[in-house]
Amino acid sequence: MSARAAPWSLRRTLLAWLLGLTLALWGLSALIVYFEADRESQELFDQSLAETAHLLLSLADHEVQEHAAGTPLAMAVPDNRNHRQYLLFQIWSAEPRLLYKNVGAPDAAFAPPATAGFGWANVDGARWRVYTSWNDSHRLQIQLAEPLRHRKDISSRFAYKLLGFALLLAVLATLTIRWSVNRAFRALRRLADEVSRRTPNDLAEVGLAGAPDEVHPLLLAINRLFERVRRTMEHEQRFTADAAHELRTPLAAIKTNLQVIQRARSDAERDEFIGGLGVSVDRAGRLVDQLLTLSRLDPQYRPADDLAEHDLAAVLAGQLPAWQAEAERRRVTLQTELQAAPCRISQAGVQILARNLVDNALRYTPAGGTVRLSCGRDGAQVRLCVADNGPGIAPAMRERVFERFFRLADAKQPGSGLGLSIVERIAEAHGASVQLGAGLDGAGLGVEVRFPAAAADAATTADVCLPSRKGV
């Protein structure tokens with residue numbers, strides 16, 4: 001026994017995927033924005049550091065020209081500023097000799113005197129960004145340093161703001177996606193509630209109004225299923241009623257014969273009613289067989305799994321001995337003209353179809369009459385024809401004889417009225433057509449069934465079964 005599949009929720013799956021993808025995309029976008037903003041901010045910091053250095057260098061050049069500095073001069077700044085959190089600079093001469101520096105700047109150079117441009121330095125164990133530049137005369141050099149911690153503090157504040165904004169958007173996105181998914185599934189819940197409230201006999205179509213387009217194929221399939229179930233129930237109810245009605249006649253005849261046998265006054269009279277009892281039993285047995293056959297065919301008979309390529313002539317030839325024996329018993333001539341006719345058929349279904357046609361023809365053809373059974377290729381089709389010269393069926397009644405339990409008013413032979421219904425149902429299941437027309441020499445009845453041939457390039461057969469026919 002296979003393990004039962006674990007249940008899963010489409011709603012929860014959609015929520016998880018949508019939220020996961022949204023948060024992942026936003027997280028990736030936030031990282032890209034942060035790193036891009038950090039890179040651009042570093043460029044802006046470096047540009048600001050270089051501009052400040054050039055400005056200080058020009059001021060220092062002016063001071064040196066007016067006042068020659070003999071000892072390093074520390075620039076005075078307010079005492080409440082923590083200079084190690086901001087900019088530190090040094091002005092060096094070409095010797096090199098330290099000329100100027102601000103408060104907090106060390107006496108040792110940030111970078112070797114020969115260097116120029118941007119670099120890095122360690123001051124008291126901390127990392128600093130350093131910019132070095134010479135004046136035009138190459139007599140003065142400025143070394144301007146900015147703590148990396150300053151830049152990181154600004155980047156951290158930006159990251160916190162970006163994270164807070166992203167979290168706010170994530171919450172809004174979660175609420176929006178949850179509301180959207182719930183709204184989409186509200187229609188499904190409404191449809192499920194509508195179906196669950198129905199009684200077993202309520203098979204009306206499920207309404208499509210308000211349902212998402214993606215659900216329409218499922219609802220249409222459900223409606224088609226309801227239609228098939230409705231037809232099945234109607235068929236079962238009609239079949240049960242018709243079967244009960246038809247069985248009542250042979251059962252009543254059997255009961256009557258039994259009552260008469262019980263009151264028989266002689267052996268000859270008893271034998272006569274025993275013979276009538278046998279006829280009634282045979283009729284009831286035939287009716288039961290036909291009912292069982294029809295119950296297997298209606299209403300969803302599909303022989304697709306049994307379809308295979310068979311020679312129709314060979315299938316019919318296998319039943320010829322039984323038909324020949326029945327024809328001899330009824331003193332009817334059975335003519336056969338079976339030509340090779342390969343087609344895709346259900347062998348068991350076609351045997352039932354042919355048996356009903358031949359049995360009907362033999363029973364309704366009077367003694368001395370003729371029944372002709374033929375089959376062969378006819379263009380892109382295979383035809384099966386059973387024709388006789390019996391009483392036939394009036395053209396006005398040929399459409400009604402396919403109704404179940406329908407029998408002609410002047411029918412003299414016992415029957416159930418199911419034979420042609422079975423023939424039509426099997427033909428429909430094979431994609432074949434059934435036609436009724438005049439029989440042999442313009443008299444009697446001819447029934448022709450046309451199946452799709454196995455090959456479409458078959459040569460047309462010369463003889464024609466029905467000189468005139470009416471499609472059913």
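How many Å² does the accessible surface of the chain come to, and what share of that belongs to carbon and sulfur atoms? In this predicted model, the total is about 27,400 Å², and carbon and sulfur atoms account for 57% of it.

With the surface in hand, let's turn to the overall build. You can trace eight helices and 14 strands along the chain. The chain has 472 residues, and 38% of them count as buried. Contacts also reach across the sequence: if you take those between residues at least 6 apart, 67% join residues at least 24 apart.

Now find helix 2, which runs over residues 148-196. Its 49 residues, at 1.5 Å each, should span 72 Å, and the end C-alpha atoms lie 69 Å apart, so the expected span and the model agree. Follow helix 2 along and you will meet a kink of about 25°, centred on F185. F185 is also one of the buried residues of this helix. Others in that group include L148 and R151, then L162, A170 and A173, and further along I177, V181 and L191. Polar names appear there too, among them S155 and N182.

Finally, go back to helix 1, which covers residues 10-66 and contains L18. Together with L10 and L14, L18 makes a nonpolar surface patch of about 230 Å². Is L18 buried, exposed or partly exposed? Its relative accessible area is 37%, so L18 counts as partly exposed, a class that sits between the under 20% of buried residues and the over 50% of exposed ones.

Terms used:
Residues numbered from 1 in each chain as written. Predicted model: local features only at pLDDT ≥ 70, side-chain atom pairs only at ≥ 80, totals over all residues. Heavy atoms only, no water. Helix = DSSP H or I, 4+ residues; strand = E, 2+ residues; numbered from the N terminus. Buried < 20%, exposed > 50% of the residue type's maximum accessible area, 1.4 Å probe, protein only. Contact = heavy atoms within 4.5 Å. Areas by Shrake-Rupley, 256 points an atom, 1.4 Å probe, with all protein chains shown as cover. Expected span 1.5 Å × (residues − 1). Bend = angle between axes of the 7 residues up to and from the residue. Patch = residues over 30% accessible without salt bridge, like charges linked within 9 Å, V, L, I, M, F, W, Y side chains within 5 Å. Salt bridge = Lys/Arg side-chain N within 4 Å of Asp/Glu carboxyl O.
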